[in-house]
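Thanks for making room for me this morning. I would like to take you through one structure, beginning with its strands and ending with its cysteines.

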Amino acid sequence: MAKYIIKQEIEKCIGCGTCVALCPSNWSMHDDKKARPIKTEVSEPGCNEDAENNCPVECITISKE
């Protein structure tokens, strides 16, 4: 089964929470007011793809391994 890798350029994150709102099952806000993925490897991109496509600073990338 294919794996998808979720990468985030944390330094670019502005903490808007779009990813958390679109994909709360895999994104959460941290104490530094920046979002982070809960899992960085998933079997299907699912709502993470919405997070990637709607991130205003384009700091999320999903690639197929």
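**Strands, core and cysteines**

Let me start with one bridge: Tyr4 has Val42, in strand E4, as its bridge partner. Before I go further, please keep in mind that this is a predicted model, in which local features need pLDDT of at least 70, side-chain atom pairs count only at pLDDT 80 or more, and totals for chains, interfaces and linings use all residues. Residues are numbered from 1 along each chain as its sequence is written, and side-chain values use heavy atoms, with hydrogens and water left out.

Helices (H or I, at least four residues) and strands (E, at least two) are DSSP runs numbered from the N terminus, and two strands pair if DSSP finds at least two bridges between them. E1 and E4, the latter covering residues 41–42, pair in the antiparallel sense over two bridges. E1 also runs antiparallel to E5, to which five bridges join it, and there Lys7 stands opposite Thr61.

How many of the five residues of E1 are buried? Taking buried as under 20% relative accessible area, exposed as over 50% and partly exposed as in between, with a 1.4 Å probe and protein chains only, four of the five are buried.

That brings me to the largest nonpolar core, meaning a set of buried Ala, Val, Leu, Ile, Met, Phe, Trp, Tyr and Cys residues joined through side-chain atoms within 4.5 Å. It has 13 residues, of which Ile6, Cys19, Trp27, Ala51, Cys59 and Ile60 touch the most other members. Strand E1 (4–8) and strand E5 (60–64) are the elements that give two or more residues to this core. Leaving aside residues up to four places away in sequence, Cys59 is in contact (heavy atoms within 4.5 Å) with Lys7, Gln8, Glu9, Lys12 and Cys13.

Now to the sulfur atoms, where a disulfide is a pair of cysteine sulfur atoms within 2.5 Å. The structure holds one, formed by Cys23 and Cys47 with their sulfur atoms 2.1 Å apart. Cys23 lies in the loop between helix H1 (18–22) and strand E2 (27–29), and Cys47 in helix H2 (residues 47–54), so the pair ties together parts that are 24 residues apart in sequence. The torsion about the S-S bond is about 50 degrees, so this disulfide is right-handed. Cys23 is buried at 0% relative accessible area, whereas Cys47, at 24%, counts as partly exposed.

Why is there no bond between Cys55 and Cys59? The sulfur of Cys55 has its closest cysteine sulfur in Cys59, at 3.7 Å, which is too far for a bond.
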